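This report describes one protein chain for a reader who has not seen it before. The sequence and the structure come first, and the description follows.

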Amino acid sequence: MSLPTIPRVPSARLLSSLLLHQQRRLLLPSIAPLSAPTRLIHAEYRRPGKPKENRWRKVNIDFSKGVEGIKKNFTLLKNEFFDRWVGPEGKPILEHMLEQNRVVWEFRGPESLEHWTLSSDREVGGQSEVYLKLGRNSNTCFLYGTLNSTPPRDGETRYSGYCTMRSKQPLASFDRKKHHDWSSFNTLHLRVRGDGRPWMINLATETYFSHQKDDIYSYFLYTRGGPYWQDVKIPFSKFFLSYRGRIHDTQHPLLVDKVNSIGFTLGDKADGPFQLEIDFIGVCKDYAHTEECAYEMYKRNPEV
């Protein structure tokens, strides 16, 4: 005769685990499934105290301006097409090969100042001021202002005090990028008159990658001061590569066939007024100069 089976009473630990399991089953369906990590969009850095840029701007649609823009771009396109049949940059091939001097920027009227932009540390909260106007006889460019190296009180910026004048990016028809081709020359030629301050000349070239957009080639410009003009000739081989004020360890020759702009920067930490007068900016060919790069270039794959 078999004895009846007595049901086992679950222990307290087992009951608690069963209740926890049921609670998880009830909660899990209400939880949304984990999605893939969202991609972070890196925006431009905004310094403390700088007002936020309003991206929603009111657009004024003007039919007459649109017609003028179409005429302008088609005129540029026609000139580009016919200039190629004449020669490089619309010049005969013999004249292009024998050319030894070329004036790239000169200041002979108010419209010549429209090709330049000014900036200073005022954009980040500084107190420096820079202005641009024509000279006394409207034949020169007069850059003047006041340098102030007092940093802004934003709790982050430690250094300040700079003023810059930079040329605009040349554009072809329909706002296509156009570069200065100086492959036939090897020296930068300027005629300036300053107040004795040292300046920095910056050449920006076309880059292959987006993270190289702040790479520039720089060299020093020492002005004498006084009423006399000085002709400055700087070989392209003397320009050194830098990134946001830091000199690169590996130097490369200047890409003279893809120059985008030229700039003049003052930041000598000497507070007070300054002035720089420029007659013209050009390039020339110095046959006595054969140097390609004045700085040591390291081979990534050295020869054995």
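Which residue takes a positive phi in the hairpin of β3 and β4? Ser138 does, with a phi near 60°, and the hairpin has 6 residues between its strands. The model is a predicted one, in which local features need pLDDT of at least 70 and side-chain atom pairs count only at pLDDT 80 or more, while totals for chains, interfaces and linings use all residues. Residues are numbered from 1 along each chain as its sequence is written, and side-chain values use heavy atoms, with hydrogens and water left out.

**The chain as a whole**

The secondary structure comes to 3 helices and 13 strands; helices (H or I, at least four residues) and strands (E, at least two) are DSSP runs numbered from the N terminus. Of the 304 residues in the chain, 31% are buried, where buried means under 20% relative accessible area, exposed means over 50%, and partly exposed lies in between (1.4 Å probe, protein chains only). The accessible surface is about 22900 Å², and carbon and sulfur atoms hold 55% of that surface; the areas come from the Shrake-Rupley method with a 1.4 Å probe, and for residues only the protein chains shown count as cover. Among the contacts in the chain with a separation of 6 or more, 73% are between residues 24 or more positions apart; a contact means heavy atoms within 4.5 Å.

**Strands and their pairing**

Strand β3 (residues 129–134) pairs with strand β4 (residues 141–147) in the antiparallel sense over 6 bridges; two strands pair if DSSP finds at least two bridges between them. Glu129 has Thr146 in β4 as its bridge partner. One face of β3, made of Val130, Leu132 and Leu134, is covered, whereas the other, with Glu129, Tyr131 and Lys133, is uncovered.

An open sheet of 7 strands runs in the order β2-β5-β12-β7-β8-β10-β11, with antiparallel pairing. Its edge strands, β2 (116–120) and β11 (246–247), each pair on one side only. Within this order, β5 (residues 163–167) and β12 (residues 259–266) are joined by 4 bridges in the antiparallel sense. Cys163 is matched with Leu266 of β12 as its bridge partner.

**Three buried strand residues**

The table lists Thr187, Ile234 and Ser242 with their strands and relative accessibility.

| Residue | Strand | Relative accessibility |
|---|---|---|
| Thr187 | β6 (residues 187–194) | 3%, buried |
| Ile234 | β9 (residues 230–235) | 4%, buried |
| Ser242 | β10 (residues 240–243) | 5%, buried |

Leaving aside neighbours within four places in sequence, Thr187 is in contact with Lys233, Ile234, Pro235, Phe236, Gly282, Val283, Cys284 and Asp286. The side chains of Thr187 and Asn186 are joined by a polar contact of 3.0 Å; such a contact is a pair of N or O atoms within 3.5 Å, where within protein one must be able to donate a hydrogen and the other to accept it, and residues adjacent in sequence count only if both atoms are side-chain atoms.

On the same basis of excluding residues up to four places away in sequence, Ile234 touches Thr187, Leu188, Ile201, Tyr219, Phe220 and Phe239. The C-alpha atoms of Ile234 and Leu190 are separated by 8.6 Å, and these residues are 44 residues apart along the chain. For Ser242, the contacts beyond four places in sequence are Asp214, Asp215, Ile216, Ser218, Ile247 and His248.

**Two loop residues with positive phi**

Phe174 lies in the loop between β5 and β6 and has a positive phi of about 55° although it is not a glycine. Phe174 counts as partly exposed because its relative accessibility is 42%. Lys269, in the loop between β12 and β13 (272–284), is also a residue other than glycine with a positive phi, near 65°. At 65% relative accessibility, Lys269 counts as exposed.

**A pocket**

The second largest pocket holds about 1500 Å³ of space. Its lining has 38 residues, and Pro170, Leu171, Ala172, Lys178 and His179 lie nearest its centre. Two or more lining residues come from each of α2 (63–86) and β1 (101–106), and α2 gives the largest share, 8 residues. A pocket is found on a 1 Å grid over the protein atoms alone, as an open set of points where a 1.4 Å probe fits, with protein on both sides within 12 Å along at least five of seven lines; lining residues have an atom within 4 Å of a point. Grid points are joined across faces, edges and corners, and the volume is the space filled by probe spheres set on the points.
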